[in-house]
Amino acid sequence: MSATPAVNPRPSIQEAAATQRYWDDHYAELLEQFPEQFVAVRDGTVVASHRDLAMLLYDLQDRGLDARTDVAIEFVTSRADRLQL
Amino acid sequence: MISGFWTPQFPLPLIRIAVWLEGITSEWVLVPFVVDTGATHTCVHPLDATRLLGMSAASLDAATWPRVEASSGIGGGANYLTTSALYAVMHDDHPTTPPEIITGSIEIGELTAESQTLPSLLGWDVLQHFRVTAEWRGQVTLERRASAEAPSVGLPR
């Protein structure tokens with residue numbers, strides 16, 4: 001790679017922190033409604049959910065939504081507290 | 001100071017690092033990584049590869065990759081695509097203090113039923129450049145080590 005480009009990441013740190021706050025604040029209710037599913041949220045509303053990530057992505061694509069720029073996606077699970085990487 | 005964070009629902013320390021992947025991203029992309037002192041190599045798993053890097057599900061099929069690296073872990077083996085990467089580790093007062101730029105590579109995980117929910121992992125290929133501190137549900141920090149202390153070591157596969 002040539003010269004290092006200026007570091008202005010997308011999302012910004014502030015945007016990423018705001019998205020994380022949304023998940024933190026709404027995780028319990030999302031878990032109740034969409035257990036063990038990937039959820040896509042746009043403007044505070046769940047617009048798609050699926051147990052399979054690829055299926056969720058295809059669903060978003062069919063609706064003309066960009067998984068990167070139009071929605072925030074998270075996997076909602078009751079088992080996040082037990083993970084052996 | 002470079003600070004990470006914890007979330008209420010996830011029991012591992014996280015840190016946001018900007019990455020630029022040759023041929024994949026056209027800008028710096030901020031990715032939350034688990035600070036994983038049990039990982040030799042840094043990797044992005046499918047959830048972050050799709051929602052943050054903008055990769056498609058089809059592009060995460062190892063059958064389409066020119067070369068596949070196999071890695072093993074506690075949960076079993078997995079296929080990865082290795083690509084060149086730049087890392088920009090940003091100080092808390094970014095952009096006042098310039099970011100720490102690390103040149104290296106990153107592994108992108110194949111999309112499978114097992115890998116689709118995994119977080120991305122920051123391994124020792126990047127962590128070797130920093131002093132790592134993590135307190136349970138407390139402070140998580142990276143501090144750049146002096147260059148004399150921190151030779152860039154290419155980790156064997």
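**Exercise 1. Helix 2 of chain A**

Find the residue with positive phi that follows helix 2 of chain A, then describe the other end of the helix and its buried face.

*Solution.*
Step 1. In this predicted model, helix 2 of chain A is followed by A:Gly64, and the phi of A:Gly64 is positive, near 75°.
Step 2. Go to the N-terminal end of helix 2, which is capped by A:Asp52. A side-chain oxygen of A:Asp52 lies 3.1 Å from the backbone nitrogen of A:Ala54.
Step 3. List the buried residues of the helix, which spans residues 53-62: A:Leu53, A:Ala54, A:Leu56, A:Leu57 and A:Leu60.
Step 4. Look down the helix axis. The buried residues of helix 2 of chain A fall within an arc of 160°, so they line one face of the helix. An α-helix has 3.6 residues a turn, so residues three or four places apart point the same way.
Step 5. Identify what covers these buried residues. The cover includes strand 1 (37-42), strand 2 (45-50) and strand 3 (72-76) of chain A, and also helix 1 (46-51) of chain B.

**Exercise 2. Two histidines**

Decide whether A:His50 and B:His45 are buried, partly exposed or exposed, and describe the surroundings of each.

*Solution.*
Step 1. Place A:His50 in strand 2 of chain A. Its relative accessibility is 31%; buried requires under 20% and exposed over 50%, so A:His50 counts as partly exposed.
Step 2. Not counting residues up to four places away in sequence, A:His50 touches A:Gln37, A:Phe38, A:Met55 and A:Leu56. A polar atom of the A:His50 side chain lies 3.0 Å from the backbone nitrogen of A:Asp52.
Step 3. Place B:His45 in the loop between strand 5 (43-44) and helix 1 of chain B. At 2% relative accessibility, B:His45 counts as buried.
Step 4. The side chain of B:His45 makes a polar contact of 2.8 Å with the side chain of B:Tyr80. Leaving aside neighbours within four places in sequence, the contacts of B:His45 also include B:Gly109, B:Ser115 and B:Leu118.

**Exercise 3. The largest pocket**

Describe the largest pocket by its volume and its lining.

*Solution.*
Step 1. The largest pocket holds about 1100 Å³ of space.
Step 2. Its lining has 40 residues, and the closest to the centre are A:Ile73, A:Glu74, B:Leu47, B:Asp48 and B:Arg51.
Step 3. Sort the lining by class: 21 residues are nonpolar, eight are polar and eleven are charged.
Step 4. Helix 1 of chain A gives the most to the lining, with six residues. Among the other elements that each supply at least two residues are strand 3 of chain A and helix 1 of chain B.

**Exercise 4. Backbone angles**

Locate two cis peptide bonds and two residues other than glycine with positive phi.

*Solution.*
Step 1. Recall the usual case: most residues other than glycine have a negative phi, and most peptide bonds are trans.
Step 2. A cis peptide bond joins A:Arg10 and A:Pro11, with omega about -5°. A:Pro11 sits in the segment before helix 1 of chain A.
Step 3. Another cis peptide bond joins B:His94 and B:Pro95, with omega about 10°. B:Pro95 lies in the loop between strand 7 (76-89) and strand 8 (100-109) of chain B.
Step 4. A:Glu36 has a phi near 55° and is in the loop between helix 1 and strand 1 of chain A. A:Asp43 has a phi near 50° and is in the loop between strand 1 and strand 2 of chain A.
Step 5. Compare accessibility: A:Glu36 is buried at 14%, whereas A:Asp43 is exposed at 76%.

Terms used:
Residues numbered from 1 in each chain as written. Chains lettered and ligands numbered in written order. Predicted model: local features only at pLDDT ≥ 70, side-chain atom pairs only at ≥ 80, totals over all residues. Heavy atoms only, no water. Buried < 20%, exposed > 50% of the residue type's maximum accessible area, 1.4 Å probe, protein only. Helix = DSSP H or I, 4+ residues; strand = E, 2+ residues; numbered from the N terminus. Arc of directions from axis to C-beta. Contact = heavy atoms within 4.5 Å. Polar contact = N/O pair within 3.5 Å; in protein donor to acceptor, adjacent residues only side chain to side chain. 1 Å grid on protein atoms, 1.4 Å probe; cavity = no way out; pocket = protein on both sides within 12 Å on 5 of 7 lines; lining within 4 Å. Points joined across faces, edges and corners; volume = space filled by probe spheres on them. Nonpolar A, V, L, I, M, F, W, Y, C, P; charged D, E, K, R; others polar.
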